[in-house]
Amino acid sequence: MAKKLINGNYAAAYGAKLARAEVIAAYPITPQTAIVEQVADFVSSGEMKARYVTVESEHSAMAACIAAASVGARTFTATSSQGLLLMHELLHWASGARTPVVMVNVNRAVAPPWSVWADQTDSVSQRDTGWMQFYSESTQEELDTVIMSYKVSESPDIMLPSFTTEDAFFLSHTYEPVEIPAQELVDGFLPPFNPEIKLDIDNPRGFGSLSMPHQWYMELRYLIAEAMDRSRQKILKVEKEWKELTGRSYGGLLDEYRTEDAEVVLVNAGSAASTIREVIDRLRAQGKKVGLARLRSFRPFPTEEIRALGRHVHTIGVMDRCYTFGDGGAFFTEVKSALYQLKDRPTVKNFVVGIGGRDITMKTVGKLYDNLYKIKSDGLDEEKEWVDLKRPEVG
Amino acid sequence: MVKTPVPAEENVAPGHMGCPGCGACLALRLALKALGKRTIMTVPACCWAVMPGVFPYCSIKVPVLFTAFETAAASASGVRAALDAKGQKDINVLAWAGDGGTLDIGIQALSGAVERRDEIIYVCYDNEAYMNTGIQRSSSTPIGAWTTTTPVGTTRNFKLEPKKSGVEIMVAHRIPYTATACVSYPEDFVKKLQKARDIRGPKYIQVLCPCPAGWKSDPEKSIQIGRLAVESNVWPLYEVENGVYTVRKPAKKVAVKDYFKTQGRFRHLDEKEIEQIQKLVDHDWETLLRKEENAQKK
Amino acid sequence: MSRPLKSYRDLPLAPITYEDTREAFKTGSWRTFKPQFDKSKCKKCWICWKYCPDMSIRILEDGTGIEFDYDHCKGCGICATECPAKCITMVPED
């Protein structure tokens, strides 16, 4: 295994290369451009035997991937923010067509105003589309998760598309030492994509077709729901296999750090988790029992893991690096929803933080833990708080 | 074996949902005769997305990918890329879209695919409006026509803009082959498709399909109406191969008003308006002939 | 149908068709006019067969004429209009 100093974008490109993606259709957008450039390099140099379609928009990128996957090719694309939003119609299409497209999304704020900085509204707002979605914390995780995503997505009993995210600049552009797995290792782990039914002149069929109210749309959607449910176990199984081969794993659907005896826990997704771990270690040294539950998979949602957490942790702060204008942030509402079934429900507070790339500093994380301790003793202050917001002066 | 004027093989099953007298139905029947079974189609939202029937049935007997509205050409690019990646050769990739899915919502994808020189045959089957959703205007609706979104009314709000030329847009992309066709000339359409199939690169054919429902015409006259469109120079048959125009000259000149009187969608036009349209048709015809002349001078 | 669908368990993975429309959709029921063929006048030009949008005209094996697929013919009348020998007439469907 070679070790290279690379950033998140290059890690994503390496993932696609090692997974032997056969058709790549992608459109550039800051800060994802290095992914498509590196892939183009791999293809031009012959290192990657793939067809690279230089599409004229992200919408066409996803259309081309869905079509290529329907022929039975392994596909890859990457995008961010506006590009992901432009694909939205076809994200629904990819899951409805059960095409296991794999994508990397660099989490970037949505316009207006223009912002190229880290924000998870883009990917979170795609939670309804039937795609599995994973949040990476490190460059290594990015590379490994892209490879694992193919195995999960292409499983005959799953056949759902998936995307892995990396925070803009914090992960996409930050260099870390990464172990590049050997091609032989990945080949042994990930067999070629060979769907049972595909566009085939020897077996002509109509893909997509038409339905009526009484048959069979509802049933076909149910099949997707079943597959998403099954994906929970599949993700864990695939990660276990990856760990046996490489020694690396990332905590399954909910990556917990020092939560076993935690009094207060922060729930977070993405690169800020690294900062939180650092704060936890310092606070723990001071005797504070704090922990982190990192949402690694948002779809499928780690319902059981959240409930298990809520059974022994009574004060939970859910960080949303996005806002979707519901009854609080998206992660917050879904965590609360999962906890609803518990007899003794923990207190849950929403921290809307890091929007538009605003830095989540160690100081900020420390403040959140302090707040959670105060809530633990004095009760909930306010249910939702926008952290580090430039507020007007009182008085 | 009986000798037939067009290939005998049927690659569309009867029992489809097309209206009686539908030009678009004949168009696909002819196209798949021309191209044969080694063809994979991409079909966006359009009449042909609905006519093949409800799941699990499909009238089309070659593999077909039904796609989102805008994406016929991008999907065709994806199919071709996958076939190449898999080393599967000698398979036609046919994007089959209506005028809306080609010239309005689908034009970006079409432009992108042909600019990339993707190896596809793109056929726009043109019934001159969004017929699948009930006769709303498209950029391909001819000037003067009634549609539900250009419903004449008291403000004479029929389609006031001239028909967008898909073929000329493709010529501007410098693709190796582009042509017009009409279902009333089946041998010509088949010949053009087979010619296109044997040329490398992107090819575009726009085939006029009379639509009795949307054009408010007699189903039994669909073929006659297509002939009148061509013979009146409203829809001339021509090919452009690497910039060289070859224009079919009609045997005898037919007045635009004789074409228009076969269809209710032009019924509201008065003599003066028809005269203006005749002038426009004549002008466009002259322009086309000059393009043919210029190309041959080179 | 080759494989009757009763529940979601019978469905393929995605809406992927597996049968053509010939048996399931007998569109002949749409007709209000029916084509009738006079073999004696037939010139065997096959123009009627060429123009049928519904694949509902079959050329006879021995090449002596045509026959209609009344299960699917929608009675559009194109064949009658285009036949140069006028050997096809449209009569009201009873």
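## Where the two domains of chain A meet

In this predicted model, 26 residues of domain 1 of chain A are in contact with 21 residues of domain 2 of chain A. Three elements of chain A each supply at least two residues of the domain 1 side: helix H5 (121-124), strand E6 (132-135) and H8. H8(A) gives the most to that side, with five residues.

What kinds of residues are these, by class? The side of domain 1 that touches domain 2 in chain A has 13 nonpolar residues, along with seven polar and six charged ones.

## How chain A is divided

If you'd like to find the two parts in the structure, look for domain 1 of chain A at residues 2-246 and domain 2 at 254-386. Going by C-alpha atoms, the centres of these two domains of chain A are 28 Å apart.

## Where chain A touches chain C

Chain A also meets a neighbour: 15 residues from chain A and 10 residues from chain C make up the contact. Which elements of chain A give two or more residues to the side that touches chain C? They are strand E9 (206-207) and helix H8 (217-246). H8(A) has the largest share of that side, four residues.

Sorted by class, the side of chain A that touches chain C holds eight nonpolar, four polar and three charged residues.

## One helix, two contacts

H8(A) is worth picking out on screen. This helix gives the most to the domain 1 side that touches domain 2 within chain A, and H8(A) also provides the largest share of the chain A side that touches chain C.

Key. Residues are numbered from 1 along each chain as its sequence is written. Chains are lettered from A and ligands numbered from 1 in the order in which they are written. This is a predicted model: local features need pLDDT of at least 70, side-chain atom pairs count only at pLDDT 80 or more; totals for chains, interfaces and linings use all residues. Two residues are in contact if their C-beta atoms, placed from the backbone, lie within 7 Å. Ala, Val, Leu, Ile, Met, Phe, Trp, Tyr, Cys and Pro count as nonpolar, Asp, Glu, Lys and Arg as charged, and the others, Gly among them, as polar. Domain bounds come from an automatic or database domain assignment.
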